[in-house]
Amino acid sequence: MPNKNFNSENLELKDTLEINFTLNSVKRSVKVPCTYTLLDILRYELKFTGTKEGCGMGECGACTVIMDGGVTPACLVLATTLEGRDIWTIEGISAKDDAKPIIDAFVARTATQCGFCTPGMVVASYHLLSKYVSPTDDQILEALSGNLCRCTGYVKIIEAVKAAARDLNTVKKEGRDA
Ligand code: FES
Ligand code: FES
């Protein structure tokens, strides 16, 4: 839970602040300029460069992370609001067993070309498939609507998400039958 004793209104732009939050299930404490965003903290303070910096304005989805269970553009999260949050980035998500079918499907379907959008796409797809075991086309389109890709034309990305859903369901069925 966010620290209720923390008051960002007392900060000046030149100030640094210490923030405690959880990143990929590990407790972190950082001291950063209060003007930093979560994206700045990830890339420049902690060197978690899997989260990409695209527009910096919440429009491209390259910086997508999961914050407190919801898909969030890290470039729009101010450091002053980060205290106590639970953050998952592509580094943490890609280490999970249930993310492997998504990553494999992106590779097998050539749903990644330059790769710049791919971490954000995978994070958004992981969040979608953790909510819906067999998402409809509309649910996939809505889940990825905040993620832009300049290379693939989206068709292969959508095919990859559908293939990953099928693979995840097969793995779950085999687990139940074993
Ligand atoms: S860099 Fe955050 S949405 Fe584009
Ligand atoms: S693969 Fe290049 S932007 Fe999506």
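Two strands pair if DSSP finds at least two bridges between them. Helices (H or I, at least four residues) and strands (E, at least two) are themselves DSSP runs, numbered from the N terminus. The structure shown is a predicted model, in which local features need pLDDT of at least 70, side-chain atom pairs count only at pLDDT 80 or more, and totals for chains, interfaces and linings use all residues. Residues are numbered from 1 along each chain as its sequence is written, while chains are lettered from A and ligands numbered from 1 in the order in which they are written.

The protein contains 6 helices and 5 strands, arranged from the N terminus as β-β-α-β-β-β-α-α-α-α-α. Its radius of gyration, taken over C-alpha atoms, is 17 Å, close to the 16 Å that the globule rule (2.2 Å times the number of residues to the power 0.38) gives for 178 residues, so the protein is as compact as a globular protein of that length. The C-alpha trace spans about 55 × 40 × 25 Å along its principal axes.

The chain opens its secondary structure with a hairpin: strand 1 (residues 16-23) and strand 2 pair in the antiparallel sense over 8 bridges. Within this pairing, N20 has S29 of strand 2 as its bridge partner. The turn leaves 2 residues between the strands, and N24 in the turn has a positive phi of about 50°. A residue is buried if 20 or more other C-beta atoms, placed from the backbone, lie within 10 Å of its own, exposed if 12 or fewer, and partly exposed in between. Strand 2 (residues 26-33) is hardly covered, with 0 buried residues among its 8, whereas 37% of the 178 residues of the protein count as buried.

At the other end of the chain lies helix 6 (residues 155-177). Its 23 residues should span 33 Å (1.5 Å times one less than the number of residues), which agrees with end C-alpha atoms 33 Å apart. I157, A160, V161, A164, A165 and L168 are buried in helix 6. An α-helix has 3.6 residues a turn, so residues three or four places apart point the same way. The buried residues of helix 6 pack against helix 3 (100-108), helix 4 (118-131) and helix 5 (137-143). Leaving aside residues up to four places away in sequence, A164 touches P101, I102, A105, S125 and L129 (C-beta atoms within 7 Å).

A164 also belongs to the largest nonpolar core, a set of buried Ala, Val, Leu, Ile, Met, Phe, Trp, Tyr and Cys residues joined through C-beta atoms within 7 Å. Of its 46 residues, L38, A74, I102, V122, V123 and A164 touch the most other members. Helix 4 supplies the largest share of this core, 7 residues. Domain 1 (8-88) and domain 2 (97-177), with bounds from an automatic or database domain assignment, both give residues to this core, so it lies between them.

Notes:
Two residues are in contact if their C-beta atoms, placed from the backbone, lie within 7 Å.
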